[in-house]
Amino acid sequence: MNSLTVVLLSSLLVAAESLQCLWSLALAAVDVYALLVKRSFRTPRATTIYSTGDWVTGALSFAAASGSAAMTTLINNDLLLCSENHCPTYMAATAMAFLSWFGIAPSCVINLWAAVYSVQRA
């Protein structure tokens, strides 16, 4: 097994979760701005953008977490090389990525429902 593969998958996980954090911070900034100016951003276009962004970042996070889980399983169970690598670190990162994704999933579903509802109403 190539150690470059492990580094690549862990880098993908870090990049995906960083993108998710940036997306969440951007949505939080938009929400705070909407509260300050007392304006609703529940237009069909805005909810479609929110929904699409949530689905893209959610799918990317799930794919990165799944890849990291596969690599951790390969290193730990199949190759028995856990002592040579940073298995506990990879396992913890993978577990946190899946927990993060389980937090993202309801937002994806609710925003999709809101986008479909607002597009149908318009």
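These legends accompany several views of a predicted model of one protein chain.

**View 1. The whole chain is built from helices.** Welcome to the overall fold: the protein chain has three helices and zero strands. Following the sequence from start to end, you will read the pattern α-α-α. The C-alpha trace spans about 55 × 30 × 20 Å along its principal axes. Its radius of gyration is 18 Å, whereas a compact globule of 122 residues would have one near 14 Å.

**View 2. Confidence, helix by helix.** Across the protein chain the mean pLDDT is 84, and 94% of the residues score at least 70. Helix 1 has the highest confidence, with a mean of 87, while helix 3 (residues 87-121) has the lowest, at 84.

**View 3. A look into the largest nonpolar core.** Five residues make up this core: Leu13, Ala16, Ala64, Ala65 and Ala97. Helix 1 (3-37) and helix 2 (44-78) each contribute at least two of its residues.

**View 4. The surroundings of Ala65.** Zooming in on this core member, and setting aside neighbours within four places in sequence, we find Ala65 in contact with Leu13, Thr94, Ala97 and Phe98. Of these partners, Leu13 and Ala97 also belong to the largest nonpolar core.

**View 5. Contacts and surface.** Among contacts in the protein chain with a separation of 6 or more, 82% join residues 24 or more positions apart. Buried residues account for 28% of the 122 residues. The accessible surface comes to about 7900 Å², and carbon and sulfur atoms hold 71% of that area.

Definitions and conventions. Residues are numbered from 1 along each chain as its sequence is written. This is a predicted model: local features need pLDDT of at least 70, side-chain atom pairs count only at pLDDT 80 or more; totals for chains, interfaces and linings use all residues. Side-chain values use heavy atoms; hydrogens and water are left out. A nonpolar core is a set of buried Ala, Val, Leu, Ile, Met, Phe, Trp, Tyr and Cys residues joined through side-chain atoms within 4.5 Å. Buried means under 20% relative accessible area, exposed over 50%, partly exposed in between (1.4 Å probe, protein chains only). Helices (H or I, at least four residues) and strands (E, at least two) are DSSP runs, numbered from the N terminus. Contact means heavy atoms within 4.5 Å. pLDDT is the predictor's confidence in each residue, from 0 to 100. The radius of gyration is taken over C-alpha atoms; the globule rule is 2.2 Å times the number of residues to the power 0.38. Accessible areas come from the Shrake-Rupley method with a 1.4 Å probe; for residues, only the protein chains shown count as cover.
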